[in-house]
Amino acid sequence: MKSAAKLHRPRLSTWSQRLKYLRESNNLSQSDVAKVIRCSQVAYGMYELGKRRIPLDKLIVLAKYYRVSMDYLVGLCNEC
């Protein structure tokens, strides 16, 4: 399991930007993450573009996978 670098995360305003940042900082493809949350690469790409809302159960899986808080993923804090 990968973990996000906790040194300095950029201030990202949307949950979709945070999804992309976490994926890229862990050198993962959209297909890699889609497998983790059990969806298609196309669906995951829509989450990153902010064109589709990501379901809560998938956010929980991602928070555990990246070892970040749900508050961080949804933009309620920057360093959680």
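Both tyrosine 44 and tyrosine 47 are buried, and these two residues open the exercises below, which work through a predicted model.

**Exercise 1. Which aromatic pairs does the structure hold, and how are the rings of tyrosine 44 and tyrosine 47 arranged?**

Step 1. The structure holds 2 aromatic pairs. In the pair formed by tyrosine 44 and tyrosine 47, the ring centres are 6.3 Å apart and the planes make an angle of 90 degrees; since planes over 60 degrees apart count as edge-to-face, the pair is edge-to-face.

Step 2. Tyrosine 44 and tyrosine 47 lie 3 residues apart in helix α3, which means that about one helical turn separates them. An α-helix has 3.6 residues a turn, so residues three or four places apart point the same way.

Step 3. The other pair joins tyrosine 65 and tyrosine 66, again edge-to-face, with 5.3 Å from centre to centre and 75 degrees between the planes. Tyrosine 65 has a relative accessible area of 17% and is therefore buried, and tyrosine 66, at 0%, is buried as well.

**Exercise 2. Describe the overall make-up of the protein, from its elements to its contacts.**

Step 1. Counting the elements gives 5 helices and 0 strands, and from the N terminus on they run α-α-α-α-α.

Step 2. Of the 80 residues in the protein, 41% are buried.

Step 3. When contacts between residues at least 6 apart in sequence are considered, 53% of them join residues at least 24 apart.

**Exercise 3. How do the axes of α2 and α4 cross, and which residues make the contact?**

Step 1. The axes of helix α2 (residues 30–37) and helix α4 (residues 56–66) come within 9 Å and cross at roughly 115 degrees. This angle makes α2 roughly perpendicular to α4, and the crossing of the two helices is right-handed.

Step 2. From α2 the contact takes Val33, Val36 and Ile37, while α4 contributes Lys58, Val61, Leu62, Tyr65 and Tyr66. Sorted by character, the residues of this contact comprise 7 nonpolar, no polar and 1 charged.

**Exercise 4. Carry out the analysis for α2 and α3, and state how the residues of their contact divide.**

Step 1. The axes of α2 and α3 come within 8 Å and cross at roughly 105 degrees, so that α2 is roughly perpendicular to α3.

Step 2. On the side of α2, the residues that meet α3 are Gln30, Ser31, Val33, Ala34 and Ile37, and their partners in α3 are Gln41, Tyr44, Gly45, Tyr47 and Glu48. These residues divide into 5 nonpolar, 4 polar and 1 charged.

**Exercise 5. Is arginine 23 buried or exposed, and which residues does arginine 23 touch?**

Step 1. Arginine 23 belongs to helix α1 (residues 15–25). Its relative accessible area is 9%, and because buried means under 20%, arginine 23 counts as buried.

Step 2. Not counting residues up to four places away in sequence, arginine 23 touches Leu28, Ser29, Gln30, Val33, Tyr44, Glu48 and Tyr66.

Step 3. The buried residues of α1 are Trp15, Ser16, Arg18, Leu19, Tyr21, Leu22 and Arg23, and they pack against α2, α3, α4 and α5.

**Exercise 6. Where is leucine 59 found, and with which residues is leucine 59 in contact?**

Step 1. Leucine 59 is found in helix α4, where a relative accessible area of 8% makes this residue buried.

Step 2. With neighbours within four places in sequence left aside, leucine 59 is in contact with Ile54, Met70, Leu73 and Val74.

Step 3. Leucine 59 and tryptophan 15 are 44 residues apart along the chain, and their C-alpha atoms are separated by 10.0 Å.

**Exercise 7. Examine the positive phi values of asparagine 27, arginine 38 and arginine 67.**

Step 1. Asparagine 27, just after α1, takes a positive phi of about 55 degrees.

Step 2. Arginine 38 is found in the loop between α2 and α3 (41–49), and its phi is near 60 degrees, a positive value in a residue other than glycine. With a relative accessibility of 74%, arginine 38 counts as exposed.

Step 3. Arginine 67 lies in the loop between α4 and α5 (70–74), and although this residue is not a glycine, its phi is positive, at about 60 degrees.

Key: Residues numbered from 1 in each chain as written. Predicted model: local features only at pLDDT ≥ 70, side-chain atom pairs only at ≥ 80, totals over all residues. Heavy atoms only, no water. Helix = DSSP H or I, 4+ residues; strand = E, 2+ residues; numbered from the N terminus. Buried < 20%, exposed > 50% of the residue type's maximum accessible area, 1.4 Å probe, protein only. Contact = heavy atoms within 4.5 Å. Axes fitted to C-alpha atoms, helices over the stretch in contact; angles between N-to-C directions. Parallel < 35°, antiparallel > 145°, perpendicular 65-115°, else oblique. Left-handed = near helix turned anticlockwise from the far one by under 90°. Nonpolar A, V, L, I, M, F, W, Y, C, P; charged D, E, K, R; others polar. Phe/Tyr/Trp six-rings, centres within 6.5 Å; stacked < 30°, edge-to-face > 60°.
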